[in-house]
Amino acid sequence: MSDAELFDIKELSARQDADDRRYLEFLRVPAMSAGVYVLAAGSEDPQSPHGEDELYHVLAGRAVLTAGEREYEVAAGSVCFVPAKMPHRFHTITEDLRVLVFFAPCEREPDAPAGPDAVRP
């Protein structure tokens, strides 16, 4: 059994911004992985469907999330579940978006930086 860990979003976000990375994974265990995803206002979200269930918690910003045939306006505090293999992406990003992302089980690319990006940073 591994140790419990504490993560600070401000610290993770500062590290992510300093490295100019769209996605920063900070946790990977067999049952799940987690990271912080950022998209600038006006940018395009390049992600494609994942083989894992995904939970988004919007920390900051405003956008629209299309998941399957539905659209959801999201802002700080929104929590969105997207089932495995469902096409989805953020668009109409009107304020810089920062999202906490959880994959379950962990995203299945152990040798590559993980995250919702189809195009790895």
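Strands, like helices, are DSSP runs numbered from the N terminus, with at least two residues (E) for a strand and at least four (H or I) for a helix. The model is predicted, so local features need pLDDT of at least 70 and side-chain atom pairs count only at pLDDT 80 or more, while totals for chains, interfaces and linings use all residues. Residues are numbered from 1 along each chain as its sequence is written, and side-chain values use heavy atoms, with hydrogens and water left out.

Serine 33 sits in strand β2, which covers residues 32-39. With a relative accessible area of 0%, serine 33 is buried (under 20%; exposed is over 50%, partly exposed in between, with a 1.4 Å probe and protein chains only).

Threonine 66 belongs to strand β3, residues 53-67, and its C-alpha is 7.6 Å from that of histidine 91, although the two are 25 residues apart in sequence.

The table gives polar contacts, meaning pairs of N or O atoms within 3.5 Å in which, within protein, one must be able to donate a hydrogen and the other to accept it, residues adjacent in sequence counting only if both atoms are side-chain atoms.

| Residue and atoms | Partner and atoms | Distance |
|---|---|---|
| Serine 33, side-chain polar atom | Glutamate 107, backbone nitrogen | 3.0 Å |
| Threonine 66, side chain | Glutamate 71, side chain | 3.3 Å |

Contacts (heavy atoms within 4.5 Å) are listed here without neighbours up to four places away in sequence. Serine 33 is in contact with residues including Glu25, Leu27, Phe103 and Glu107, whereas threonine 66 touches Glu71, Pro87, His88, Arg89 and His91.
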